[in-house]
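User: I am new to this structure and would like a close look at a single part of it. Please take the surroundings of the ligand, and the helices and strands that go with them, and explain them carefully.

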Amino acid sequence: MLAPRSYTREDVIELQVHGGPVCCRRVLRAAIEAGARPARPGEFTLRAFLNGRLDLSQAESVMQLVEARTAAAADSALAGLRGGVGQEVRQIREGVLDVLVEVEARIDFEEDLGPLDTDAVKRDVAALQRDIEAALRTARQGALLRNGLQARGRRAWEEGRRGVAIVGRPNVGKSSLLNAWTRTDRAIVTDIAGTTRDVLEADLVVGGVPLTLLDTAGIRDSTDEVEAIGVGRSQAAASNADIVLMVVDASAGWTEADQVIYSDLWGKGPGTRSCRVKGMSLLVANKADLAGNQEVPLPLPVKEAFRSVVRTCAVSRDGLGSLEEAILQLAGAPQLASGGVSWAVNERQAEALVRAHEALMGVSQSVQEGLPYDCWTIDLRAAAIALGEVSGDEVAEEVLDSVFSRFCLGK
Ligand SMILES: Nc1nc2c(ncn2[C@@H]2O[C@H](COP(=O)(O)OP(=O)(O)OP(=O)(O)O)[C@@H](O)[C@H]2O)c(=O)[nH]1
Ligand SMILES: [Mg+2]
């Protein structure tokens, strides 16, 4: 007799995914025919099988099949196919496999198992989609960091390439910030509102990440033709930037003019359809030296729109360190430094995450439309395979081929 615990849950799942539905059902059927019995009534699922709650003492041939697959999984591990794994993605994949197992077991054994809890499947799939979205966000942050937050040349940002845009109403100190930050006097600074007329760029390296700062014309309604063109360019820079720093005057607080700019650029807030800013947003309360210790009181939606508020004084350069920290934080640099997202900066992997997400959309649709379980499992399997490509759990084709030719599983 083979001890049921001589294989791991993961091994059987490997069998489940790569052996395909036929193989998986064969294993379950063989187990049942060989006399496997559930320890709890009604628990005649592959999950019970995995958790050792099916009595498999009679099912020796089944265990041999399982062990054959286990050997294949071990082969692939030896071949280094699991190197550089993203733990988050592996967990998502396991979630997908759990759903797959549940659905697949119903294909042949619904009468033993009772109906599938469709609502639970919907909930699980939606949660898995959210997890993938989070992983994608991390991936994009990684890509952002790797490529740098750059925009080279005016044409570059006009064409949609991006950087860190400094926007706000006239005279709040945007140009002074650029000068202080880059330790230059590139931008003209005066106390006349409307000094800056055009987008001005300066390159900077922050924590190893190259940034292109874009100083912009103060945004306001203007009858001056040149200024109005400049304002249009400020708005375009804000919509295309990876990060938008909205600068306000800390000593004046949140003014009506700030609110007008906010509503124009952020609409009903980040992520809403009315929002023109696609990048991440930070609020900079400049002229902190004139504001004492007073915080800038902000309307709640504004507070929620900006991940953080940084106080600066462009004259003394105070607060620039905190500003740099906040930017690196936004760009995901701390995780990158600790190795957490190093897996995520690969375009191919991000593409696989998108594929997994699309496959799960397919599952939701199949559930919604009441399509047969076979349709659900096709997409669930596609999602698992795409995620496996990222986590390194996907075994190479040639390994599978050799397994099929050696053991004739599932075909
Ligand atoms: N006390 C104080 N004054 C500042 C600070 N930052 C800028 N200023 C002054 O504010 C005035 C406007 O500064 P700018 O940098 O030209 O402002 P801007 O936002 O670029 O203005 P526009 O180009 O007109 O949109 C100048 O007189 C600066 O010296 C600061 O942190 N503290
Ligand atoms: Mg200026």
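Analyst: What follows begins with the model as a whole, turns to the shell around the ligand, and then takes up individual helices, strands and loops.

The model is a predicted one, and its overall scores are an ipTM of 0.99 and a pTM of 0.52. The chain has 411 residues, of which 44% are buried, and it contains 16 helices and eight strands. Among the contacts with a separation of 6 or more, 72% join residues that are 24 or more positions apart.

Confidence varies along the chain, which averages a pLDDT of 73, with 62% of the residues scoring at least 70. Helix H10 (residues 256-266) has the highest mean, at 96, while helix H7 (residues 153-158) has the lowest, at 38. Residues 1-9 have a pLDDT below 50, and this stretch has twelve contacts in the model beyond near neighbours in sequence. Residues 395-411 also stay under 50, and here the model has 23 contacts beyond four places in sequence. Where pLDDT is low, the predicted coordinates should not be read in detail.

Now to the ligand. The shell around ligand 1 holds 23 residues, and those that come nearest are Gly-173, Ser-175, Ser-176, Thr-196 and Gly-218. Sorted by class, this shell has ten polar, nine nonpolar and four charged residues. Which helix gives the most to the shell around ligand 1? That is helix H8 (residues 174-182), with three residues.

Helix H8 therefore deserves a closer look, since eight of its nine residues are buried and the helix is largely enclosed by the rest of the structure. The buried residues of H8 are Lys-174, Ser-175, Ser-176, Leu-177, Leu-178, Asn-179, Ala-180 and Trp-181. Two of these, Ser-175 and Ser-176, are also among the residues that come nearest to ligand 1.

After H8 comes Arg-183, which has a positive phi, near 55 degrees. Arg-183 sits in the loop between H8 and strand S4 (200-206), and its positive phi occurs in a residue other than glycine. Is Arg-183 buried or exposed? Arg-183 is exposed, because 10 other C-beta atoms lie within 10 Å, and the limit for calling a residue exposed is 12 or fewer.

Elsewhere in the chain, Arg-317 is another residue other than glycine with a positive phi, in this case near 70 degrees. Arg-317 is found in the loop between strand S8 (309-311) and helix H12 (320-330). With 14 other C-beta atoms within 10 Å, Arg-317 is partly exposed.

Helix H9 (residues 225-240) is the next element to consider. Its 16 residues reach 23 Å from the first C-alpha to the last, close to the 22 Å expected at 1.5 Å a residue. The buried residues of H9 are Gly-230, Val-231, Ser-234, Gln-235, Ala-237, Ala-238 and Asn-240. Glu-227 also lies in helix H9, but Glu-227 is partly exposed, with 19 other C-beta atoms within 10 Å, whereas a residue needs 20 or more to be called buried. Leaving aside neighbours within four places in sequence, Glu-227 is in contact with Gly-194, Arg-197, Ala-217 and Ser-222. One of these partners, Arg-197, is 30 residues from Glu-227 along the chain, and yet the C-alpha atoms of the two are separated by 5.7 Å.

Beyond H9 in the sequence is strand S6 (residues 243-249), where seven of the seven residues are buried, so that the strand is largely enclosed by the rest of the structure. In a regular strand the side chains alternate between the two faces of the sheet. In S6, Ile-243, Leu-245, Val-247 and Asp-249 point one way, while Val-244, Met-246 and Val-248 point the other way, and all are buried.

Strand S6 has partners that can be named. Strand S3 (residues 164-168) pairs with S6 in the parallel sense over five bridges, and within this pairing Val-167 has Met-246 as its bridge partner. Strand S7 (residues 280-286) likewise pairs with S6 in the parallel sense, over seven bridges, and here Ile-243 stands opposite Met-280.

Conventions. Residues numbered from 1 in each chain as written. Chains lettered and ligands numbered in written order. Predicted model: local features only at pLDDT ≥ 70, side-chain atom pairs only at ≥ 80, totals over all residues. Near = placed C-beta within 6 Å. Helix = DSSP H or I, 4+ residues; strand = E, 2+ residues; numbered from the N terminus. Nonpolar A, V, L, I, M, F, W, Y, C, P; charged D, E, K, R; others polar. Expected span 1.5 Å × (residues − 1). Contact = placed C-beta atoms within 7 Å. pLDDT = per-residue confidence, 0-100. Pairing = 2+ DSSP bridges.
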